[in-house]
Amino acid sequence: TAITESIGGTDGSCSELASVPYIKTTFGWQYVMMASAIGTAAMLIPTLFVYKEPKKPENTKTIGEVLKGAVMVLTDGRFIGLIVIYSGFWILYFQMFDSVLWYVQKYVDATSVNNFVNSIFGAVGIDLNWKFDIEHVTVINAGIIILLQIVVSNIVKHTKALPTMIAGIAMGTIGMAILAINTNIWVFIIGIVIFSIGEMTAHPKFISYVGLIAPEDKKALYLGYAFLYGVLGSFIGGILGANLYVHFVDNLNQPSTLWIIFSMIGVVTIIGLVLYNKFLAPKKY
């Protein structure tokens, strides 16, 4: 799981689509890790010799003031409530690095995709013998975001934050539910694509929503702690995903039930956001 996340997550590039399978097949997984380490270390070169650090404004806050700000944010029940609710969507997201990969490896037959891709290359005289593997799952997610994020952002840039968040989470939930239909590789890919579009629709508007509900003079402070949704989502998602997978997939052989449960978490997240906006969000919003 850690290997796949490090090489195929949203911080990856399209070059991984070809390089990782080749290195894995030709040399082994240990060389994938070495290549990842070399690639990461190489990023130091432009950072050290090309990047110029902009001049930072002087920090006038004392350590005590910084800690006071942290305590204020972390004891703001309304803000923490929003973080907890929104983290429900990220429980689904982090399955891309856990249960989704185990599911693909055990249940999904990618032969039709392999034949389709290789037929395209074969039509131009390239004998690639390409094979879909688990690392391509997160590459699909990252690739869709790279290709469509600007398009999606332009579509939703003038829409209200909360309805757009809900629409995005609803798409993500539908994408997860699609996985429960059957184990066909094309159904699986459609589900991941829809989920990815939902992700890129919802998340920017979450940042916007935090800015709208934060106190006027504390917006930057609140936005600085908005990342906590990922802490909760990854922590809960990893433990929950593993336990549910073992119970429903390994023990009961019911993978569809697993995806239905995660889809219900998405539904609960949507309901939570609606209730939050009605009863807990500052009235100015």
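This passage describes the fold, core, aromatic pairs and helix packing of a predicted model.

The chain has 285 residues, of which 42% count as buried. Its secondary structure comes to 14 helices and zero strands, so that every element in the order from the N terminus is an α element. Taken along the principal axes, the C-alpha atoms fill a box of roughly 60 × 50 × 35 Å. Among contacts in the chain with a separation of 6 or more, 80% are accounted for by residues 24 or more positions apart.

In soluble globular proteins, nonpolar side chains tend to be buried together. In this model, the largest nonpolar core has 68 residues. Helix α11 gives the most to this core, with eleven residues. The residues with the most contacts inside the core are Phe132 and Phe188. When neighbours within four places in sequence are left aside, Phe132 is in contact with Val104, Ala110, Val113, Asn114, Val137, Ile140, Ile185 and Phe188. Phe188 thus appears both among these partners of Phe132 and beside Phe132 as one of the two residues with the most contacts inside the core.

Aromatic side chains form a further set of contacts. A pair of aromatic rings is described by the distance of the centres and the angle of the planes. The count comes to 22 aromatic pairs. One of them is formed by Phe116 and Trp186, with 5.6 Å from centre to centre and 80 degrees between the planes. Because an angle over 60 degrees counts as edge-to-face, this pair belongs to that class. Phe116 lies in helix α8, which covers residues 111-123, and Trp186 lies in helix α11, which covers residues 185-213. The pair therefore ties together parts that are 70 residues apart in sequence. Both rings belong to residues at intermediate accessibility: Phe116 counts as partly exposed at 44% relative accessibility, and Trp186 is partly exposed with a relative accessible area of 36%.

A second edge-to-face pair is formed by Phe206 and Tyr229, where the centres are 5.5 Å apart and the planes are at 75 degrees. This pair links distant parts of the chain, with Phe206 in helix α11 and Tyr229 in helix α13 (residues 228-251), 23 residues apart. Phe206 has a relative accessibility of 0% and counts as buried. Tyr229 also counts as buried, at 13%, because the limit for a buried residue is under 20% relative accessible area. Phe206 and Tyr229 are both members of one aromatic cluster, which further includes Tyr86, Phe89, Trp90, Tyr93, Phe94, Phe97 and Phe195.

Helix α13 also takes part in a helix-helix contact. Two packed helices are described by the angle between their axes and the distance between the axes. Helix α7 (residues 99-107) and α13 pack at an angle of about 25 degrees, and their axes are 10 Å apart. Angles under 35 degrees count as roughly parallel, and α7 is therefore roughly parallel to α13. On the α7 side the contact is made by Ser99, Trp102, Tyr103, Lys106 and Tyr107. On the α13 side it is made by Gly241, Ala242, Tyr245, Val249 and Asp250. By class, the contact of α7 with α13 has six nonpolar, two polar and two charged residues.

Another residue of helix α13 is Gly238, which is partly exposed with a relative accessible area of 22%. Not counting residues up to four places away in sequence, Gly238 touches Asp98 and Gly233. Gly238 and Phe279 are 41 residues apart in sequence, and their C-alpha atoms are 30 Å apart in space. In the loop between α13 and α14 (255-279) lies Asn253. Asn253 has a positive phi of about 55 degrees although it is not a glycine. With a relative accessible area of 51%, Asn253 is exposed, because the exposed class takes values over 50%.

Towards the other end of the chain, Ala35 has its place in helix α3 (residues 29-42). Ala35 counts as partly exposed, at 32% relative accessibility. Ala35 and Ile23 are twelve residues apart along the chain, and their C-alpha atoms are separated by 8.5 Å.

Conventions:
Residues are numbered from 1 along each chain as its sequence is written. Side-chain values use heavy atoms; hydrogens and water are left out. Rings of Phe, Tyr and Trp (its six-membered ring) pair if their centres lie within 6.5 Å; planes under 30 degrees apart count as stacked, over 60 as edge-to-face and the rest as tilted. Helices (H or I, at least four residues) and strands (E, at least two) are DSSP runs, numbered from the N terminus. Buried means under 20% relative accessible area, exposed over 50%, partly exposed in between (1.4 Å probe, protein chains only). A nonpolar core is a set of buried Ala, Val, Leu, Ile, Met, Phe, Trp, Tyr and Cys residues joined through side-chain atoms within 4.5 Å. Contact means heavy atoms within 4.5 Å. Axes are lines fitted to C-alpha atoms, for helices over the stretch in contact, and angles run from 0 to 180 degrees between N-to-C directions. Angles under 35 degrees count as roughly parallel, over 145 as roughly antiparallel, 65 to 115 as roughly perpendicular and the rest as oblique. Ala, Val, Leu, Ile, Met, Phe, Trp, Tyr, Cys and Pro count as nonpolar, Asp, Glu, Lys and Arg as charged, and the others, Gly among them, as polar.
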